[in-house]
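Biologist: Could you take one strand of this model and go through its surroundings closely, partner by partner and turn by turn? I would like the conventions spelled out as you go.

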Amino acid sequence: MIDAHGLRRRAHMLAAIRRWFAANDYLEVPTPCVVPSPALEEHLFALPAAGRWLRTSPEFALKRVLAAGLERIYELGPCWRDREHGPWHGTEFSMLEWYRVGASLDDLMDEVEDLVATTSRVADRPPPTWERRTIRELFREHAGLDPATASARELSGGIDESWEDAFARRWVMDVEPKLQGALFVTEWPASQAALARCGVDADGWPIAHRFEAFIDGIELANAFWELTDPVELRRRFHAANATRAVLGEAPHPIDEALIEAVAQMSDTSGIALGVDRLVAAMSGWSSIAPGRVPDPSTE
């Protein structure tokens, strides 16, 4: 059934989101939904369309806009990912993605706090109070080990798997379910960089300059201090495709226009936020369903 109350709540929140961006001097930019290359990450699966793909994110196109000289841009629109189903997932979903030249990750965390507070007022609820924690802190607290010093075998608990697979499994099983409240998770391992720059933490552990935002254990957003090295970007494309080959998946085409754009970008931070999840979290719903028009074939 169609939930009229949920759709009304969603519409009011989307209007508030657009007002927030206008008040903060961001320009809304529409980009294509059918794209020549859908993603870099090896664990994202795209839907084919007209000999190309439905976008998994507007990221590649928006970075071409940044390279053209615009400094504060956003897009709010549909994206698609295959093999993602459940109360908090949908094959088609709404993504809010924005980029700000010259901004730090701390600046983006401040913007997320303010934007979420704006949507909370639409739902007539107090804004959440945010914490900022590192991956190492959360693993020590909830899994009893430090990923910066743990071997693959220690991290996996004796299972024969790679360090990266063990990290992902322990995060999903032992850490993420215990997250409470509004939380920014920072200093992810460098192997989780995707399109973020890499560096080291205070102890010299290789990290990705990125954060994820959670509300009561539900991932809301993912932010990067954006990579601007085209040589490194090409290397990551090839590495991701090599992993996809091992997994028996077809490679993603290398987006040459993206590589050219990255070489022309200024220092920029960017973030992608799940709109359906934000609306649901601020409304106190147990899934994203009330704010969406259901596919009649699934009813």
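Modeller: Strands are DSSP runs of E with at least two residues, helices are runs of H or I with at least four residues, and both are numbered from the N terminus. The model is a predicted one, in which local features need pLDDT of at least 70 and side-chain atom pairs count only at pLDDT 80 or more, while totals for chains, interfaces and linings use all residues. Residues are numbered from 1 along each chain as its sequence is written, and side-chain values use heavy atoms, with hydrogens and water left out.

The part I have chosen is strand β10, residues 206-215. Eight of its 10 residues are buried, so that β10 is mostly covered; buried here means under 20% relative accessible area, with exposed over 50% and partly exposed in between, for a 1.4 Å probe and protein chains only.

Its pairing can be followed strand by strand, where two strands count as paired if DSSP finds at least two bridges between them. With strand β8 (residues 182-189), β10 pairs in the antiparallel sense over seven bridges, and within that pairing V185 stands opposite E212 of β10. On pairing with β11 (218-225), β10 again runs antiparallel, now over six bridges, and E212 stands opposite N222 in β11. E212 therefore has a named partner in both β8 and β11, by the pairing rule of at least two bridges. Strand β9 (residues 198-200) is also antiparallel to β10, joined to it by three bridges, and there V200 stands opposite P206 of β10.

Two hairpins involve this strand. The hairpin of β9 and β10 has five residues between the strands, and in it G204 takes a positive phi near 85 degrees. The hairpin of β10 and β11 has two residues between the strands, and D216, which lies in the loop between them, takes a positive phi of about 50 degrees although it is not a glycine. As background to that value, most residues other than glycine have a negative phi.

A comparable backbone value is found elsewhere in the model: the phi of R83 is near 65 degrees, positive in a residue other than glycine, and R83 lies in the loop between β5 (72-80) and β6 (92-101).
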